[in-house]
Amino acid sequence: MRAVKVIERMLITVPIMFGVAVVVFLFMRLTPGDPVDIMMGQGGAVGVGEMERLRSEFHLDEPLHVQLWLFLKDAVRGDLGYSYTQKRPVSELIAQRLPATIELAAGALFFALLLAIPIGIVSAVRQRSLLDQFSMAGAFLGVSMPAFWLGIILILLFSVRLHWLPVQGRLTFGVSLEYVTGFYVLDSILTRNGPALVSSLKHLVLPSVSLGAAVAAIVARVLRSSMVEILRQDYITLARAKGQVEFLVVMKHALRNALIPTVTVVGLQIGTLLGGNMIVETVFSWPGLGRMVVKAIFERDFPLVQGSVMVYAFTFVLANLVVDVLYTYLDPKIEL
Amino acid sequence: MDATTTAQNAIARMAYVWRIRLRLLRGNLGDFWIQLRSRPLALLGGIVVVLYILAAIFAEQIVPHDATLSDLRLRLIPPAWQEGGDLSYLLGTDDQGRDLLSRIIVGARVSLLVGLLSVGISVAVGTALGALAGYYRGFLDQALSRFADLLLAFPFLIFAIGMMAFLGPGFWNLILALTFKGWVEFFRLVRGEMLAEKPKEYVEAAKVVGQSHPAIIASEILPNIIQSVFVLGTLRMGFMIIMEASLSFLGLGIQPPTPAWGSMVASGRDYMLTSWWMSTLPGIAILILVLSINLFGEGLRDILDPRLKVE
């Protein structure tokens, strides 16, 4: 039965992705001005005949619904169009940048969970202790702080003042690394490259912290409040009455149930990680998707913006699918 | 009974009803005040927000210097407490010699205005559509709910950045980009509450005495759920202010020379190594405002609607 439900849940994502593609296409049409004019504005003078040729090459002379159909057909095959400024396929440019972005998001999520889970548990168990109050105040600050500002403060403190960590980029200049997957941390492990591993990890710390702080704050709060509620339940009292060790009561009986609402929140927060990505990549000059998009917006490279927004949305939809499936394994009662 | 006395009676009845309503409202506000006083952090948050609003309204009267007038002879003066600081430029000056304190005060206008307008419009649109969808159900509900699901497939900031990319920067485009997705949460909240309230007895009673459907929605059901909307709205305000600051930081929001905190932080980045105050201080202005709004909002939730969950 579970497999059927999982497949059903997967099928629901198909119309959503279709809708996302349509919305992104309509975005493109909202823009004032003709794409070929914009393109020519960057490429220099071209004859009228050449512009007509380009218009028909991009199917801009077709009616809107035909354009939409062609756009969707291409998108399904992974063809997201052609970048005006870089003169290369959008999908290729995105694929090239994506590993850096995923590495950063993974780093941020890792940091957030590493911080939030122990804090959430301890705060719930030691309610109203100094640690609880201190960490909940911290969580409050975490959600009220813009990521770009936190990034700048971290740079001022740890890079400019203390010289502990690098200001920008993914690797120190001069450190060589053989390119395997595009995930620098993984690549340096695969190629047994010690200096590159140290350097790439050092570069990852500050961006991950600035991106993950808000997520950590939210996850810690949710985990704490659901732990507090569960620790009051009868079955916890029963477990204690049966003489179960307190550590196991908390970690086994309570935590497993408290993780259920937490997982949902983590799924929703993947949106924060993806959106904040553009901000944090800009602050730390991280060569990922977000920085490319921001640059593309100022260069009016619409196919590149359009393709990237679509990839972000798809990633979010897929991440939530994974979370929902994970959910069924955590809580057998849940129906998708 | 002639027409005049009927009209007089109607007016007298209405006056009576409104007297009772006002008395109830006064009583409720009194209770609210007592509850708020017992929550010092929420009260503090509320007071700070009021101070920000006053500063924004009377910005022209209280700024020590012109916020947009640059004087390159006064470039990058550090805050008054640092060596080389000048007491008349309390928080120092920026790279164009403009007084940072004045710019921060004027910048409060953008943040508060964007926060209030984007949340206000989202509340109005989301509540109206949510009430209609939840009460009448049917095709309208289906269509709106699917559209809402679709918007939820985009991370908020990605959607806003995408829209700003295509619309171009500017104040009203910013409001449009933020509300285009912002209404969804209020829609879902009100729709859900509507579904829960509709089968209740008081709604049936209103139908029996012959009230029209719009009247039932507006004067019977909505007053019961408006508190949740109010709480959610307050809590979303801080979020919207951070979104505006983020867009302005990227250069997609409010454009220079209008001072906005996000773009002030961005322009300070280039001077990070020598002049830390330029990006640090506007960021602290954002932090304190959003923190205060959230403290007040959480207090409001505890008082008005403790079961509401906001993530």
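In the predicted model, B:S292 is located in helix α11 of chain B. The residue B:S292 is classed as buried because 23 other C-beta atoms lie within 10 Å, the threshold for burial being 20 or more. When residues up to four places away in sequence are disregarded, B:S292 touches B:G45, B:V48 and B:V49. A further relation links B:S292 with B:G238: the two are 54 residues apart in sequence, yet their C-alpha atoms are separated by 8.7 Å in space.

The fold of chain B comprises 11 helices and zero strands, so that every element in the order from the N terminus is an α element, by the assignment of helices and strands from DSSP runs. Along the principal axes, the C-alpha atoms of chain B occupy a box of roughly 80 × 40 × 40 Å. Of the 311 residues in chain B, 42% are buried. Among the contacts in chain B with a separation of 6 or more, 71% are accounted for by residues 24 or more positions apart.

Helix α11, which holds B:S292, also takes part in the association of the two chains. The contact between them draws 34 residues from chain B and 38 residues from chain A. On chain B, at least two residues of the side that touches chain A are supplied by each of α5 (138-152), α6 (156-167), α9 (213-250) and α11 (277-304). In terms of residue class, this side of chain B contains 24 nonpolar, seven polar and three charged residues.

Chain A is assigned two domains, with domain 1 spanning 2-76 and domain 2 spanning 98-330. The C-alpha centres of domain 1 and domain 2 of chain A are 33 Å apart. Contact between these domains of chain A involves 16 residues of domain 1 and 12 residues of domain 2. Within domain 1 of chain A, the elements giving two or more residues to the side that touches domain 2 are α1 (2-30) and α2 (35-43). The largest share of that side, 13 residues, is provided by α1(A). By class, the residues of domain 1 of chain A on the side that touches domain 2 consist of 11 nonpolar, two polar and three charged.

How values were computed:
Residues are numbered from 1 along each chain as its sequence is written. Chains are lettered from A and ligands numbered from 1 in the order in which they are written. This is a predicted model: local features need pLDDT of at least 70, side-chain atom pairs count only at pLDDT 80 or more; totals for chains, interfaces and linings use all residues. Two residues are in contact if their C-beta atoms, placed from the backbone, lie within 7 Å. Helices (H or I, at least four residues) and strands (E, at least two) are DSSP runs, numbered from the N terminus. Ala, Val, Leu, Ile, Met, Phe, Trp, Tyr, Cys and Pro count as nonpolar, Asp, Glu, Lys and Arg as charged, and the others, Gly among them, as polar. Domain bounds come from an automatic or database domain assignment. A residue is buried if 20 or more other C-beta atoms lie within 10 Å of its own, exposed if 12 or fewer, and partly exposed in between; C-beta atoms are placed from the backbone.
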